[in-house]
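This report walks through one protein model, from its overall make-up to single residue pairs. Please keep the sequence and the structure in view while reading.

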Amino acid sequence: RQVREIELLRSPLQLDEGGRELHAAAAGAVAEESYLSVARSCDLYVIVLAAQASAATEAEYDTAFEDNPRKILPFYLGELSPATQHLRNTIDSRHTRMVCESEADLIDAVVAGITNALMTAEIIRQPLVANLDARLRRSESVVRGELPISFIPHVRPVNDITGGGSHDSLTICAASDGALRLVLEGIGGSGKSYSALIAASWAARSGQLPLMITPRVGELRVDHLIAAAFDAVGFFPGPDLQQQLARDGRLALVADGIDAIASDDRRVFMDSLDTFSESSPRCRVLCCVRRLLPNELPSFKRFIVEPISDEQAKNMFEVVGAHGHHEFPTQVRDLARWPLWAWALLDVGSDVETGLVLLQRLIQHRVTTSGSYTPIEQEMLIDASGALAWAAWPQPACSAAAALDALDQWAANESTRRRYQLPPASVILDRLSGAGIVQQGTELEIAHPLFATFLAARHAATNEVSPSMAADPEFAMF
């Protein structure tokens, strides 16, 4: 094992003939702050205690500990004295330290400690966990910053057809403990990403390094995405060390954003993820998709995210002084059982009495918050989703080819061309998927049957209504 480039010194130091730093105890306010700044910003902090101690050394240690306790590597050298007793008591209560009899032993121990910190990537644990925590905090403020959604997600195996409340319902942490490779499935807004982040946080407590990866056009290989995640925190392990970390099971991956890529790219990414999992069986891998397609990730255990329970819904809504989901209009009551939709309903629909107005606001809200669109672009996306739903009705789904044909037909309409500057149909589908209105898989599916009926009725209001549509009581309601 070789570490080719290690920056051990952040600034030039004055050394004596034996290689020891001159004036190691900083004197003066400017010098002291300079040392404290290094202790605060360094990735690893090595402290050696021998016969002497100083207030400056203790201040440096306290600063390093406040920044990150895990970056401290303590060593004791030779005979210790009462002068170091207080600091030794503190270190003994917080760390595992190495006792060295000679300077030669100390050198070997320090090099081994630094090498181990690099080879296990422990030096980047704090920024990786900080990134994970930041993602969790953003997930807990899905709709508005003052609406927290903290709760313990529950999942159930895909092969459990009995639904909510079955004995197979597990917390996401229990499910993750029972399987290293998980697929989390569910509709947009069901809490898949949040559940995966909770599981990754749980894994980080047991020593794994949490990494979030999202496939992009032109970047679909898992090993490249892992390298990019390391690069984001200033760690450049190279392919050999990265493979070693994977073989040792040091990584916990969360793969998300898969539904947003094209089907061919998805196939490439899923094959790469499956290959990584097979070659690194000790790593934890969580994959979030709305629906797993046939032959994808065959070695993974599949779970569906459960709706929030009555008790969770009651507690969540009481936080903001709102009524429970049972008080929502019947048409949208089931949506209130999913965390993202529950808060969206509270945010955009708590003051309305009819499901029609609530749905109008909810769909407008999803489009508005999914991208930086102008008002005319927002209207275009909603009109396009209506054309899709109308073409697929009475089913809430159709093939991808049929969806593209429906959008092409809608775009060919003279009034549509006059009103909008239209992007390609595939781009429209991607934007609707990003808004959580449609789900792309083997079929294109409207996120909720009620959405499909409402959008189809909205489109039909300015187009011909078939006899079957007119006779349908749910359709006629809109």
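## Terms and overall make-up

Helices and strands here are DSSP runs, of at least four residues for helices and at least two for strands, numbered from the N terminus. The model is a predicted one.

The protein chain has 20 helices and 13 strands. It holds 478 residues, and 46% of them are buried. Its accessible surface is about 24100 Å². Carbon and sulfur atoms account for 51% of that surface. Contacts often span long stretches of sequence: among those between residues at least 6 apart, 68% join residues at least 24 apart.

## The seven-stranded sheet

Seven strands make up an open sheet with mixed pairing. The order across the sheet is β5-β4-β10-β6-β9-β8-β7. Which strands stand at the edges? They are β5 (170-171) and β7 (209-213). Each has a single partner strand, so one side of each is left without a neighbour in the sheet.

Strands of a sheet pair through backbone hydrogen bonds, in either the parallel or the antiparallel sense. Both senses occur around β10. The pairing of β4 with β10 is antiparallel and covers three bridges. Here Val155 stands opposite Val305 of β10. The pairing of β6 with β10 is parallel, with four bridges. In that pair, Val183 stands opposite Arg302 of β10.

At the β7 edge, the partner is strand β8 (residues 251-255). The two strands are parallel and share five bridges. One residue pair across them is Ile213 and its bridge partner in β8, Ala255.

## A helix across the sheet

Helix α10 covers residues 263-279. It lies across four strands: β6 (181-185), β7, β8 and β9 (284-289). Relative to β9, the helix runs at about 160°.

## Salt bridges

Side chains of opposite charge can pair when their charged atoms come close. The structure holds 14 salt bridges. Three of the pairs are described here, along with a network.

Arg125 and Glu122 form a salt bridge through their side chains, at 3.0 Å from N to O. Are these two residues buried or exposed? Arg125 is buried, at 5% relative accessibility. Glu122 is buried as well, with a relative accessible area of 18%. The cut-off for buried is under 20%. Both residues also belong to a network of salt bridges that links Arg70, Glu122, Arg125 and Arg250.

Glu306 and Arg156 form another salt bridge, at 3.2 Å from N to O. Glu306 lies in the loop between β10 (301-305) and α11 (310-319), while Arg156 lies in strand β4 (residues 154-157), so the pair ties together parts that are 150 residues apart in sequence. Both Glu306 and Arg156 are buried.

Glu414 and Arg418 give a third pair, with the closest N and O atoms 3.1 Å apart. Both residues lie in helix α16 (residues 414-419). They are four residues apart, about one turn of the helix. Glu414 and Arg418 are both exposed.

## Cysteines

A disulfide is a covalent bond between the sulfur atoms of two cysteines. How many disulfides does the structure hold? The count is zero.

Take Cys287. The closest cysteine sulfur to its own is in Cys288, at 6.7 Å, which is too far for a bond. The cut-off for a disulfide is 2.5 Å between the sulfur atoms. Cys287 is buried, at 0% relative accessibility. Cys398 is also buried, at 14% relative accessibility.

## The loop at Arg97

Where does Arg97 lie? It is in the loop between α3 (85-94) and β3 (98-100). Arg97 is partly exposed, with a relative accessible area of 33%.

Leaving aside neighbours within four places in sequence, Arg97 is in contact with Pro74, Tyr76, Ile91 and Asp92. Leu73 is 24 residues from Arg97 in sequence. In space, the two C-alpha atoms are 7.2 Å apart.

Terms used:
Residues are numbered from 1 along each chain as its sequence is written. This is a predicted model: local features need pLDDT of at least 70, side-chain atom pairs count only at pLDDT 80 or more; totals for chains, interfaces and linings use all residues. Side-chain values use heavy atoms; hydrogens and water are left out. Buried means under 20% relative accessible area, exposed over 50%, partly exposed in between (1.4 Å probe, protein chains only). Contact means heavy atoms within 4.5 Å. Accessible areas come from the Shrake-Rupley method with a 1.4 Å probe; for residues, only the protein chains shown count as cover. A salt bridge is a side-chain nitrogen of Lys or Arg within 4 Å of a carboxyl oxygen of Asp or Glu. Two strands pair if DSSP finds at least two bridges between them. Axes are lines fitted to C-alpha atoms, for helices over the stretch in contact, and angles run from 0 to 180 degrees between N-to-C directions.
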